Amino acid sequence: MSLPRVGLAALLLLCASVLELAALAPLGLPGSTPDVVLLVVVALALRWGPLDGAVVGFAAGLLLDLAPPSDGGAGRWAAVFLLLGYAVGRLFEDADDTPVVALFAVTLASAASVLGYAALAALVGDEGVDWPRVPGLMTSSVIYDVVLTAVVVPVVGGLARRIDPEPDFRR
């Protein structure tokens, strides 16, 4: 990962986490909180590919794990977002850069993030997992994230395109 990519990813993840934790979480929307950090990971994975998507996903998840009010064990979001960044980059590396692809990637990643976090929490013995609530959280997460995709993914993709017009994996 080049230095300009690291700088852009760090700036975008910091802004997204502040927006998500300080502005969107206190709104108390029904279901889950809109996941702006996940949208940044998906947008960069779509643009930069699976390896850089995994690196950005790990950094994003670790940021959420350590930012207050963290309520789970450190490393859960990092593991989930690492896998999602890699999977989105790998699944869509040959796809065209279109809004439909972005919406499909966000839908899959949003649902998978809720399910992956709950499964990982159950796997490590966290008794706080409320499985009957998981489908509702997945639904609200997908709805919020798909709505925000129209704004976040094009902006992040445009910024990524400015610092790296033709990523290596697409050549």
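The following questions and answers concern the helices, salt bridges and surface of a predicted model.

User: At which residue does helix α6 bend?

Analyst: Helix α6 covers residues 134–163, and a straight helix of 30 residues would span 44 Å at 1.5 Å a residue. The end C-alpha atoms of α6 are only 38 Å apart. A bend of about 55 degrees is found in this helix, and its position is Thr149.

User: Is Thr149 of α6 buried or exposed?

Analyst: Helix α6 has buried residues that include Val142, Tyr144, Val152 and Val156. The cover over the buried residues of α6 includes α1, α2 (36–48) and α5 (99–123). Thr149 also belongs to the listed residues of α6, and its class is buried.

User: What distance does α5 reach from its first C-alpha to its last?

Analyst: Helix α5 has 25 residues, for which 36 Å is expected at 1.5 Å a residue. The computed reach is close to that expectation, at 35 Å.

User: Which helices are included in what covers the buried residues of α5?

Analyst: The buried residues of α5 include Val101, Ala105, Ser113, Tyr117 and Ala121. Just after this helix, Gly125 takes a positive phi of about 90 degrees. The cover over the buried residues of α5 includes α2, α4 (76–91) and α6.

User: How many salt bridges does a search of the whole structure find?

Analyst: Side chains of opposite charge can pair when their charged atoms come close. One such pair is Arg5 with Asp52, whose closest N and O atoms are 2.3 Å apart. Another is Arg76 with Asp126, at 2.8 Å. For the whole structure, the search gives five.

User: Why does the salt bridge of Arg5 with Asp52 tie together parts that are apart in sequence?

Analyst: The closest N and O atoms of Arg5 and Asp52 are 2.3 Å apart in this salt bridge. Because Arg5 lies in helix α1 and Asp52 in helix α3, the pair ties together parts whose separation in sequence is 47 residues.

User: Which residues are joined into one network by salt bridges that share partners?

Analyst: Arg5 forms a salt bridge with Asp52, and the side chain of Arg5 also meets that of Asp164 in a salt bridge at 2.2 Å, N to O. The second pair links distant parts of the chain, with Arg5 in helix α1 and Asp164 in the segment after α6, 159 residues apart. Asp164 counts as buried because its relative accessibility is 16%. The network formed through shared partners consists of Arg5, Asp52 and Asp164.

User: Is Asp126, the salt-bridge partner of Arg76, buried or partly exposed?

Analyst: Arg76 has a relative accessible area of 12%, so this residue is buried. Beyond its neighbours within four places in sequence, Arg76 is in contact with Asp65, Tyr117, Leu120, Ala121, Val124 and Asp126. At 30% relative accessibility, Asp126 counts as partly exposed.

User: What distance separates the C-alpha atoms of Arg47 and Phe92?

Analyst: Arg47 is found in helix α2 and counts as buried at 8% relative accessibility. Along the chain, Arg47 and Phe92 are 45 residues apart. Their C-alpha atoms are separated by 9.4 Å.

User: How much accessible area do the residues of the nonpolar patch on the surface have together?

Analyst: The patch is formed by Met1, Leu3, Val6, Leu51 and Val55, and α1 (3–24) and α3 (50–66) each supply at least two of its residues. Val55 of helix α3 counts as partly exposed because its relative accessibility is 41%. Together, the patch residues have an accessible area of about 500 Å².

Methods
Residues are numbered from 1 along each chain as its sequence is written. This is a predicted model: local features need pLDDT of at least 70, side-chain atom pairs count only at pLDDT 80 or more; totals for chains, interfaces and linings use all residues. Side-chain values use heavy atoms; hydrogens and water are left out. Patches are made of residues with over 30% relative accessible area and no salt bridge: like charges are joined within 9 Å, nonpolar side chains (Val, Leu, Ile, Met, Phe, Trp, Tyr) within 5 Å. Accessible areas come from the Shrake-Rupley method with a 1.4 Å probe; for residues, only the protein chains shown count as cover. A salt bridge is a side-chain nitrogen of Lys or Arg within 4 Å of a carboxyl oxygen of Asp or Glu. Helices (H or I, at least four residues) and strands (E, at least two) are DSSP runs, numbered from the N terminus. Buried means under 20% relative accessible area, exposed over 50%, partly exposed in between (1.4 Å probe, protein chains only). The expected span of a helix is 1.5 Å times one less than its number of residues. The bend at a residue is the angle between axes fitted to the seven residues ending there and the seven starting there. Contact means heavy atoms within 4.5 Å.
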